Each structure stands twice: as structure tokens, then as C-alpha cells.
Amino acid sequence: RNSGLKYNEILRKGFVAVKATKGTHTAEYILFDPEVLLSDYDAAREASGSITAAFTCGVSLVTKAEDAGSLDPQDNCVIAFDTARPIVWELPVPLVGDWSFEIG
């Protein structure tokens, strides 16, 4: 028994995203539908039209620095994920001993 349990979702798997500032720590439970979990990575990204698979935010819980032990649900989720790959990810990575690229 867990009398202090704030959130529980056992039907959909996912992960917890955390955003920390000096004033608050926010934990959001990011969930995936079963069809996403059963897809390979490329198919899941293509279906969502983004760089991540489609997901939903189950709940957003915030702890306030001035309120020790607080863990309160928020009305909306606040953590945002990138929707496009950073340009730096598109840079070529040379293989060891591959001198076919030019520097400068």
C-alpha cells in the first residue's frame, strides 16, 4: 500500500521528464499508446511527423522550493520537447582513417 501515491498509470508505458529551476521542480509522466510501443523507432517517428514518437502527458506534478514536501498536480503540462533535429546533428562524422572529407 502506498498512501502517498500521487499518480499511477499501469496500462501505458512511458517515462518521467523533469524540469528543474531554482523555484520549482516539475515532473511530468510522458505516456505512449500500445501501437507506438509496438512500432520500430523510424515508423513511430514517421507516424507522429516529429523527431519523437507520439505521446501524451499523463500528469504534471510540481514541487515548490518554499513548500517542502509539496508535489501538486498542475492544470497543464509545461515541459516542451524539440520538434526538429538541431542542425549540429546533421554534421558529418568522419570514420577513423577516413580522410575523404575536407576541413575548412
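1. Buried here means under 20% relative accessible area, and with T26 at 5%, that residue is buried. Bear in mind throughout that this is a predicted model. T26 sits in strand β2. Leaving aside residues up to four places away in sequence, T26 touches A17, V18, K19, S60, L61, V62, Q74, V78 and I79. Two of those contacts, V18 and L61, come back in the sheet pairing in point 4.

2. Now the sheet as a whole. What is the strand order? The order is β1-β2-β3-β4, in an open sheet of four strands with antiparallel pairing. β1 and β4 (72-73) are at the edges with a single partner strand each, so each has one side left without a neighbour in the sheet. As a reminder, strands of a sheet pair through backbone hydrogen bonds, either parallel or antiparallel.

3. The pairing of β1 with β2 is a good place to start looking. Strand β1 covers residues 14-20 and strand β2 covers residues 24-31, and the two pair in the antiparallel sense over seven bridges. Together β1 and β2 make a hairpin, with three residues between them. If you want a residue to anchor the register, G14 stands opposite L31 in β2.

4. Follow A27 if you want to step across the sheet. On one side, V18 stands opposite A27 in β2. On the β3 side, the bridge partner of A27 is L61. β2 and β3 run antiparallel and are joined by eight bridges.

5. How many bridges join β3 to β4? Two bridges do that, between strand β3 (residues 56-64) and β4, and these strands also run antiparallel. V62 in β3 has D72 in β4 as its bridge partner. V62 is also one of the residues that T26 touches.

6. On to the rings. The structure holds three aromatic pairs. In the pair of F15 and F32, the ring centres are 6.0 Å apart and the planes are at 35°, so this pair is tilted. F15 belongs to strand β1 and F32 to the loop between β2 and α1 (34-37), so the pair ties together parts that are 17 residues apart in sequence. Are these two residues buried or exposed? F15 counts as partly exposed, at 37% relative accessibility, whereas F32 counts as buried, at 15%.

7. F15 has another ring partner. The centres of the F15 and F81 rings are 6.2 Å apart with planes at 80°, so that pair is edge-to-face. Since F15 lies in strand β1 and F81 in the segment after β4, the pair ties together parts that are 66 residues apart in sequence. F81 counts as partly exposed, at 30% relative accessibility. Taken together, F15, F32, F55 and F81 form one aromatic cluster.

8. Next, the cysteines. There is one disulfide in the structure. The bond joins C57 to C77, with an S to S distance of 1.9 Å. C57 is in strand β3 and C77 in the segment after β4, so to speak distant parts of the chain, 20 residues apart, that the pair links. For the dihedral, the torsion about the S-S bond of C57 and C77 is about -85°, so the disulfide is left-handed. A disulfide is a covalent bond between the sulfur atoms of two cysteines.

9. Which exposure class do the two cysteines fall into? C57 is partly exposed, with a relative accessible area of 27%. C77 is partly exposed as well, at 36%. The segment after β4 holds C77, and F81 of the F15 pair lies in that segment too.

10. Last, a quick look at a helix residue. A43 lies in helix α2, which covers residues 41-48. At 37% relative accessibility, A43 counts as partly exposed. How far apart are A43 and A53 in space? They are 8.6 Å apart, C-alpha to C-alpha, and 10 residues apart in sequence.

Notes. Residues numbered from 1 in each chain as written. Predicted model: local features only at pLDDT ≥ 70, side-chain atom pairs only at ≥ 80, totals over all residues. Heavy atoms only, no water. Buried < 20%, exposed > 50% of the residue type's maximum accessible area, 1.4 Å probe, protein only. Pairing = 2+ DSSP bridges. Phe/Tyr/Trp six-rings, centres within 6.5 Å; stacked < 30°, edge-to-face > 60°. Contact = heavy atoms within 4.5 Å. Disulfide = S-S within 2.5 Å.
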